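The following account leads the reader through one protein structure, beginning with a contact between two helices and widening from there. Please keep the sequence and the model at hand while reading.

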Amino acid sequence: MRKILLPLLCLLCAAASAQTWQQTIVSALNRFTTELDTAHYSTGIQVYDLTDNRMLWTYHDQKVMRPASCQKLLTTISALDILGPDYMLTTTASCTGNIITITYPDHETRYLEGDIYVKGGFDPTYTFDDLLQIVQAVKDLGIDSIAGFIYADTSFKDLPLLGNGWCWDDEPSVFHPFISPLIFDRGKLTPDLNRYPSDILHNPAKHFVGTLASQLSLQGINCRGYSINANTPDDAKPIYTKATRLTDLLPRILKNSDNLYAEALFYQLAHSSAGDNATYKDGTKVITGVLRSAGANLTKCKIHDGCGLSPYDFLSPATLVSMLRYAYGNKNIYDNLMPALPVSGKDGTLERRMTRTPAKQKVFAKTGTVTGVSSLSGYVTASNGHILAFAIINNGLLKAAIGHSIQDRICAELAR
């Protein structure tokens with residue numbers, strides 16, 4: 001009898017302990033409701049226990065609000081699911097025509113009787129040094145000049161250079177760049193472009209081919225000029241390709257909240273579905289499909305870009321947690337997502353948050369901030385070792401710090 005009772009007693013104690021932990025944490029979270037009910041801003045929260053596979057706590061979790069950069073979670077999870085971590089973003093330079101040799105009594109000249117095309121694959125990591133690799137590839141053809149033009153092929157996506165709904169006063173910068181399939185150094189002007197029209201500043205593709213033509217000229221290889229919005233002919237011969245792995249973008253998107261990188265991934269999804277001249281609607285359809293697979297309520301979300309900058313983006317905390325749960329249940333997604341998320345008190349946009357709380361280095365989550373909006377969504381390790389998925393969205397804030405404070409205090413309770 002004693003041999004039977006001891007295991008039974010241990011099971012009962014374990015159940016009581018688990019119940020005590022849940023009751024304690026729920027009680028702690030319930031204390032926030034009065035503060036949130038009387039706050040000047042709106043809040044929605046959902047906390048789900050992934051280890052026990054059950055809902056832990058909610059507060060207006062079905063409320064639809066602007067998510068800000070937590071939108072990037074939908075983009076990255078969808079990309080890992082649909083494209084896979086080994087997907088490559090490619091930019092290819094090609095040439096048409098033949099190389100003609102003319103022999104003179106005292107010298108020989110070789111020129112390309114055709115054109116150079118550069119097809120952008122929306123690789124946000126492209127740099128000036130990468131562009132110089134194209135220069136070297138053209139130089140390796142052994143030519144003195146190009147009879148035709150240098151063309152920018154931007155057919156990867158449609159023409160708009162700003163995301164859908166992006167505000168006119170969101171000037172292009174490190175965080176609010178122009179978006180183009182062909183871009184280098186984030187579109188930053190280089191000194192040698194002073195002799196080119198000023199509209200280069202407002203067109204990354206023209207900036208790209210203008211710089212390429214300039215650099216070729218410095219190498220003694222001239223062309224008739226450059227142009228944009230051309231399609232690479234089927235018979236064009238590739239001379240240089242740069243490929244960037246999808247997972248190389250994730251830390252910049254999540255830890256640093258880079259909007260350009262997020263939009264690049266968003267349009268990879270759009271292009272994977274619609275092909276050339278893909279639009280934001282094509283990207284939206286792909287992410288909506290993943291949301292459907294995740295069991296999210298599709299009536300509680302609107303998606304207009306990949307980074308959360310659009311004022312037309314709307315999500316509920318429940319939608320975000322649905323995607324986090326979906327990622328947790330897919331090893332290929334979760335194992336690549338987790339290392340790229342900011343860690344509380346350690347790095348990324350959470351480096352200076354929760355540094356002196358029980359949540360330090362226990363929260364792996366994406367932050368979101370635009371005027372009036374603050375959000376935080378991701379995973380937290382509870383004191384009993386359980387992994388919790390959570391989403392907190394605050395809208396109507398007069399200061400982002402107010403949202404940060406409530407988010408950090410809630411995470412501290414979840415980790416306590």
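**Helix H8 and its surroundings**

In this predicted model, Leu-74, Thr-75, Ser-78, Asp-81 and Ile-82 of helix H3 meet Val-286, Ile-287, Val-290 and Leu-291 of helix H8. Sorted by class, the residues of this contact comprise six nonpolar, two polar and one charged. The axes of H3 and H8 are 10 Å apart and cross at an angle of about 85°. Because angles from 65 to 115 degrees count as roughly perpendicular, H3 is described as roughly perpendicular to H8.

A second helix, H7, also packs against H8, here at an angle of about 90° and with the axes 7 Å apart. H7 is therefore likewise roughly perpendicular to H8. On the H7 side the contact is made by Phe-266, Tyr-267, Leu-269, Ala-270, Ser-273 and Ala-274, and on the H8 side by Tyr-280, Asp-282, Gly-283, Thr-284, Val-286 and Ile-287. These residues divide into eight nonpolar, three polar and one charged. Val-286 and Ile-287 thus appear in the contact with H3 and also in the contact with H7.

What is the length of H8 itself, and does it agree or disagree with the expected span? The helix runs over residues 280–293, and its 14 residues should span 20 Å at 1.5 Å a residue; the C-alpha atoms at its ends are 20 Å apart, so the two values agree. Within H8, the buried residues are Tyr-280, Asp-282, Gly-283, Thr-284, Val-286, Ile-287, Thr-288, Val-290 and Leu-291. The helices against which these buried residues pack are H3 (71–82), H7 (259–274) and H9 (317–328). Just after H8 comes Gly-295, whose phi is positive, at about 80°.

Attention now turns to the loop between strand S8 (149–153) and helix H5 (204–218), where Ser-180 lies. Is Ser-180 buried or exposed? Its relative accessibility is 2%, and because buried means under 20%, Ser-180 counts as buried. A polar atom of the Ser-180 side chain lies 3.2 Å from the backbone oxygen of Leu-182. When neighbours within four places in sequence are left aside, Ser-180 is in contact with Phe-122, Thr-154, Leu-161, Pro-204 and Ala-205.

The loop between S8 and H5 also holds Asp-185. Asp-185 is a residue other than glycine with a positive phi, near 45°. Its relative accessibility is 28%, so Asp-185 counts as partly exposed. Another positive phi, of about 60°, is found at Met-354, which is not a glycine either. Met-354 belongs to the loop between helix H10 (331–337) and strand S11 (363–370). With a relative accessible area of 4%, Met-354 is buried, whereas Asp-185 is partly exposed.

These details may finally be set within the whole chain. The protein has eleven helices and 13 strands. Of its 416 residues, 53% count as buried. Among contacts between residues at least 6 apart in sequence, 70% join residues at least 24 apart. The contact of H3 (71–82) with H8, in which Leu-74 is one of the residues from H3 and Leu-291 one of those from H8, may serve as a point of return when the model is inspected again.

Note on methods
Residues numbered from 1 in each chain as written. Heavy atoms only, no water. Helix = DSSP H or I, 4+ residues; strand = E, 2+ residues; numbered from the N terminus. Expected span 1.5 Å × (residues − 1). Buried < 20%, exposed > 50% of the residue type's maximum accessible area, 1.4 Å probe, protein only. Contact = heavy atoms within 4.5 Å. Axes fitted to C-alpha atoms, helices over the stretch in contact; angles between N-to-C directions. Parallel < 35°, antiparallel > 145°, perpendicular 65-115°, else oblique. Nonpolar A, V, L, I, M, F, W, Y, C, P; charged D, E, K, R; others polar. Polar contact = N/O pair within 3.5 Å; in protein donor to acceptor, adjacent residues only side chain to side chain.
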